[in-house]
Amino acid sequence: MSNKYSVISFFIIALSIFFNVDVLASHYRAGEITFKNVSGRTYQITATTYTDPRSGADPNTASITLSYGDKNSETVQRTTTYISPNDPSIRKNTYVTTHTYSSDGLFTISLADPNRVGGIININGGASDQTPFYVESLLRIDIGLGINNSIILQVPPIDRGCGGFLYVHNPGAYDPDRDRLHYELIAAHQSTGVEVPNYAIPNFTHSLSINDSTGELIWNTPYPVTSINPHLFVIAIKISEYRRINGIDILVGYVVRDMQIIIEACNDSPPVIGAMPNVCKQAGDIVQFSVSASDPNTSQNVSILGYGAPFDPSIVSFPATLSPANPTGNPVSALFTWRTNCNNISYEPYQAIIKATDDYSTPLSDIRLSRITVIGPAPINMKVKQIGNGFKISWNQDVCHLASNYKIYKRVDSSHWVPPTCFRGVDESLFTLIGNINTNYNYSDTSFYDDGNGNGLSPLVSYCYRIVAVYPPRAANGTIIVSTTSDSYASAEVCGIIIRSKPIITNVSIRNTSNINGSLILKWLKPDTLDTVQYAPPYQLIFKRATSYKGPFTAFDSMNYSSFKAITDSSLIDTNLNTLQTQYYYKIDFTSLASGNNQFIDYSPIASSVKANIYSSDKSNILSWSYAVPWNNSSFVIYRKNNLGIYDSIGFTMNDYFVDSGLKNKDTFYYAIKTIGYYSQSLLSKRLENFSQQIYGIPIDTIRPCAPILTLTPPCNSFNDFTNVLNWTPIPGCASDVVYYKIYYKRLSKDEYQLLETINNNTTFQYNDTSAHLKQSIAGCYVVVGVDSSGNESFFTNETCTDNCPQYSIPNVFTPQGDSHNDLLNPFPYRFVDRIDMTIYNRWGADVYQTFDLDINWDGKDQKSKVECSDGVYFYICNVYEIYLAGIKKRTIKGTIQILR
């Protein structure tokens, strides 16, 4: 060794001793920060780190500094420490403290400490021993979102694998609050927002990925290790918690786990766990399945351990077990058993994680998981009873006595729907939600009355109902936690039919379209049954009409009957109506006229006429129609008047709209709509057909053409040019009917566009803007729109802007000696400047000249005294005002000017 390097080495050692620096300060392997709510805004915060106890820096782990994310930090003493008996190079350190936050908000809790162990291949090319260790977690405190606890991670963050063999890992994370977890791989960091130097994804032969919903990490496969020293890799897993509030997923926190993977040179295959089932169970049922694992190396034994929420007594009241308790062998098997209860009902599935590890000198593992969904039991003993014109639906209280509300669903006719095993709630494509009973005020409230929102139910319809209980998520002790609620299994379907003690409208069909003399036919069915003792004859049907579903209804006709048997199915024609523009609503009151009194018995469900609407577009008419009827309209026939003046069918649909296309623009087309419907076909097979009014439409081109592709060339590279050149190209096939173009312009970004020019042909694709104001500034925005033969303009989608490129500078010498050469101080050639404000000072600071003239034109005289200024150096400040897209900007030029005579 030369004397030069000996001196340097001695100097480094001396510095280390003088500053008490540990040159071996590299000991961090892995870690994370978790938190748990104590009360209010007080949280217990736990930092867990894994270090190398052989490092000279390891004694420094007696304490760490935690930053709480609210501008406060604290030195926290180590609470517990543990050195693995199987690997003396790993020490687990735990630091527990509490902190109270003064307000709601987002807080990043972090730990940064020097340094990581050396030789981490994917950090700075292996030179990782001078890279700080850093982890962080996000805590969201929001009184509106409820209490928030971080995830719990059960599988240690240091793991081993063999080069050239598949590596599988799962962090064993679960959330006590039942929030949805999302996993992602991120770069390791050395401080807040700063990645470690030269971070690289660990190398592999096929792929390295993490399942974003289960956390399963698969490395397929690490490259073989050819040295006797293992390869160290670091990955960072960000596990985020999302809480669904009012249908929106809200991020409520995350934990970043910094994990070390040790890949060694070994010729050993990891054990393999057999298939794991995903399970759905009703709360209270037992989840039970076999777990098995084997190792291809028959001389090795395999042990099985269970992780995840089902095994944690702080999460579930009756933790899952493996039987036998510590299964070991090759092959090895165990029976997983978990007795669920009502507190386990959860929208998010539980993850039961099984880890199988062999006893090779470098223990290798396989990890698999089972997702277990616990669903609330279905409401039972459901009954339907007619009361008046509706049904009272009742059911038993949920067997868990934990439901927060019940949802009532209805449909017409039985669905014959059999819920799949894991299906919560009902298929909302088959059923409609009609009610919600909140049990917070009355837990025994287990009934609902359905009378069609006060309009009565139709007697000719079979109404079928299902009930779903809704469960809020709960902790193991039964305390409600704020997270996503979970629907129970759906109840059995129960149906009911209203007794026909009222007339039933079957048709409201327009016969004649007119704004004065329109008419329609109203048909009805007679009531089937009546208590003629309570309601004695004679009887009267009173026909009422309105122009709104909510009325008011006005009587316009009536029919009298001497006895109940005399009442028949019948019809009438309602005339002198505005059927062209008005939709009419009808109901029929049924009354008893006994003893001269008009005693109300019942009224029919309301039924309306069919109102057609039309919207005309390019070569097409778009038809839609509306109605409010107690039967189900299942299909529609569209009629159009032909050349013979006869309405002919042109289409059939099951939607409430129809597009008649391929038409000739500006021709008139007449239409009518026929609705086809039924009550329950099992109760009344009669097909109900009703016509709308006649309506016409005239197709017209309302489709905007596509905007052309626009380019703008400003004159920044040509000094004496003040022209903005626009060029545009039509989009093929999208602007074929453009007949001319319009050019719009605005000078500033905040301005509104104004029409600049109209190009009255469709063959010119260039425009030169030579407006006078461009000499002050070329800044501006342009839009070129195409206009078709119907006057439709394309959208402003091709806005193109240019900013100003001004030039203004001042020479530093001039010669005002009266020889007509350089007698005035003028700026160098300039352009695109709005104005200036310039002041010239002598060496004593007195101003001798001031001007707003862009050309300056100073003749070397004192502006006030008109006396020639002496030769020498003068100082100036010139504010140059230039117009940009954002507005006028001031640029200040400072310099000197020398007068020479």
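## Two unpaired cysteines

Cys-869 is buried, with a relative accessible area of 8%. This is a predicted model, and we can begin with the cysteines that stay single in it. For Cys-869 the closest cysteine sulfur belongs to Cys-878, and at 18 Å that sulfur is too far away for a bond. A disulfide calls for sulfur atoms within 2.5 Å.

Turning to the partner in that comparison, Cys-878 is buried as well, with a relative accessible area of 0%. Its closest cysteine sulfur is the one in Cys-869, again 18 Å away, so no bond can be assigned to Cys-878.

## The disulfides

How many disulfides does the rule give? The count comes to 7. Three of these links are worth a walk through, and one of them is the pair Cys-280 and Cys-422.

Cys-280 and Cys-422 are joined with a sulfur-to-sulfur distance of 1.6 Å. The torsion about their S-S bond is about 115°, so this disulfide is right-handed. Cys-280 sits in strand β21 (residues 279-282), while Cys-422 belongs to the loop between β31 and β32, so the bond ties together parts that are 142 residues apart in sequence. The two ends differ in their surroundings: Cys-280 is buried at 15% relative accessible area, whereas Cys-422 is partly exposed at 43%.

## Two strand-to-strand links

Next comes the disulfide of Cys-464 and Cys-495, whose sulfur atoms are 2.0 Å apart. This link is right-handed, with 105° about the S-S bond. Strand β34 (residues 462-471) holds Cys-464 and strand β36 (residues 494-497) holds Cys-495, so the pair connects parts 31 residues apart in sequence. Is each end buried or partly exposed? Cys-464 counts as buried, with 0% relative accessibility, and Cys-495 counts as partly exposed, with 35%.

The other link of this kind runs from Cys-781 to Cys-801, with an S to S distance of 2.0 Å. A torsion of about 110° about the S-S bond of Cys-781 and Cys-801 makes the disulfide right-handed. Here Cys-781 lies in strand β58 (residues 780-788) and Cys-801 in strand β59 (residues 800-802), so the parts tied together are 20 residues apart in sequence. Cys-781 is buried, with a relative accessible area of 2%, while Cys-801 is partly exposed at 34% relative accessibility.

## One cavity

If you look for enclosed space, the structure holds 1 cavity of 30 Å³ or more. The volume of the largest cavity is about 50 Å³.

Which residues line the largest cavity? The lining is made up of Arg-160, Gly-161, Cys-162, Phe-165, Leu-166, Tyr-167, Pro-270, Leu-364 and Ser-365. Strand β10 (residues 158-162) gives the most to this lining, with 3 residues. Sorted by class, the lining has 6 nonpolar, 2 polar and 1 charged residues.

## Cis peptide bonds

Now for the backbone. The peptide bond between Pro-114 and Asn-115 is cis, with omega about -10°. Asn-115 is found in the loop that runs between β7 (105-113) and β8 (133-141).

A cis bond also leads from Asn-330 to Pro-331, where omega is near 0°. Where does Pro-331 lie? Pro-331 belongs to the loop between β25 (328-329) and β26 (332-339).

## Positive phi angles

Asp-413 is a residue other than glycine with a positive phi, near 70°. The loop between β31 (405-412) and β32 (432-438) contains Asp-413. Is Asp-413 buried or partly exposed? With a relative accessible area of 27%, Asp-413 is partly exposed. That loop between β31 and β32 has already come up in this report, as the place where Cys-422 is found.

Ser-820, too, is a residue other than glycine with a positive phi, in this case near 65°. Ser-820 lies in the loop between β60 (813-814) and β61 (835-841). Its relative accessibility is 64%, so Ser-820 counts as exposed.

Key: Residues are numbered from 1 along each chain as its sequence is written. This is a predicted model: local features need pLDDT of at least 70, side-chain atom pairs count only at pLDDT 80 or more; totals for chains, interfaces and linings use all residues. Side-chain values use heavy atoms; hydrogens and water are left out. Helices (H or I, at least four residues) and strands (E, at least two) are DSSP runs, numbered from the N terminus. Buried means under 20% relative accessible area, exposed over 50%, partly exposed in between (1.4 Å probe, protein chains only). On a 1 Å grid over the protein atoms alone, a cavity is a set of points where a 1.4 Å probe fits but cannot get out, and a pocket is an open set with protein on both sides within 12 Å along at least five of seven lines; lining residues have an atom within 4 Å of a point. Grid points are joined across faces, edges and corners, and a volume is the space filled by probe spheres set on the points. Ala, Val, Leu, Ile, Met, Phe, Trp, Tyr, Cys and Pro count as nonpolar, Asp, Glu, Lys and Arg as charged, and the others, Gly among them, as polar.
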